[in-house]
Amino acid sequence: MARNGSRGNGRKGAVKGRSQSYNPRTGLWTKSNNSTGRFMDVKTSGGSFKGVTHKH
């Protein structure tokens with residue numbers, strides 16, 4: 001189970017049940033739910049989501 005660690009140590013473990021994929025048209029990463037397949041969020045601040053598995 002993913003959880004935030006103590007102050008300054010960051011996340012411990014991976015986020016379960018979610019994945020992210022890169023959209024080359026927009027240049028942004030999109031997070032999706034593995035069980036439903038629905039898109040959850042788009043990362044607009046640059047880079048990819050922390051702790052979320054990359055789907056190619």
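## A small tour of an all-strand fold

In β5, Phe39 is the bridge partner of Ser32. That pairing is one piece of a sheet in this predicted model, and the points below build up the rest of the picture. The protein has 6 strands and 0 helices, so to speak a β-β-β-β-β-β run when read from the N terminus.

**The sheet as a whole**

- Four of the strands come together in an open sheet, and their order across it is β5-β4-β3-β6.
- Standing at the edges are β5 (39-43) and β6, each with a single partner strand, so one side of each has no neighbour in the sheet.
- The pairing in this sheet is mixed.
- As background, strands of a sheet pair through backbone hydrogen bonds, and they can do this either parallel or antiparallel.

**Who pairs with whom**

- Strand β3 (residues 18-23) and strand β4 (residues 28-33) run antiparallel and are joined by 6 bridges.
- Strands β4 and β5 also pair in the antiparallel sense, over 4 bridges.
- Strand β3 meets strand β6 (residues 53-54) in the parallel sense, with 2 bridges between them.

**Following two serines across the sheet**

- Start at Ser19 and look towards β4: the bridge partner there is Ser32.
- Now look from Ser19 towards β6, where Thr53 stands opposite.
- Ser32 in turn has Phe39 as its bridge partner in β5.
- You can therefore trace a path through the sheet order β5-β4-β3-β6 by stepping from Phe39 to Ser32, then from Ser32 to Ser19, and finally from Ser19 to Thr53.

**The two hairpins**

- The hairpin of β3 and β4 has 4 residues between its strands, and Gly27 takes a positive phi near 80° there.
- The hairpin that β4 and β5 form has 5 residues between the strands.
- In the turn of that β4 and β5 hairpin, Gly37 has a positive phi of about 80°.

**Burial, contacts and surface**

- Of the 56 residues in the protein, 16% are buried, where buried means under 20% relative accessible area.
- Take the contacts between residues at least 6 apart in sequence: 24% of them join residues at least 24 apart.
- The protein exposes about 4,400 Å², and carbon and sulfur atoms supply 47% of that area.

Notes
Residues are numbered from 1 along each chain as its sequence is written. This is a predicted model: local features need pLDDT of at least 70, side-chain atom pairs count only at pLDDT 80 or more; totals for chains, interfaces and linings use all residues. Side-chain values use heavy atoms; hydrogens and water are left out. Two strands pair if DSSP finds at least two bridges between them. Buried means under 20% relative accessible area, exposed over 50%, partly exposed in between (1.4 Å probe, protein chains only). Contact means heavy atoms within 4.5 Å. Accessible areas come from the Shrake-Rupley method with a 1.4 Å probe; for residues, only the protein chains shown count as cover.
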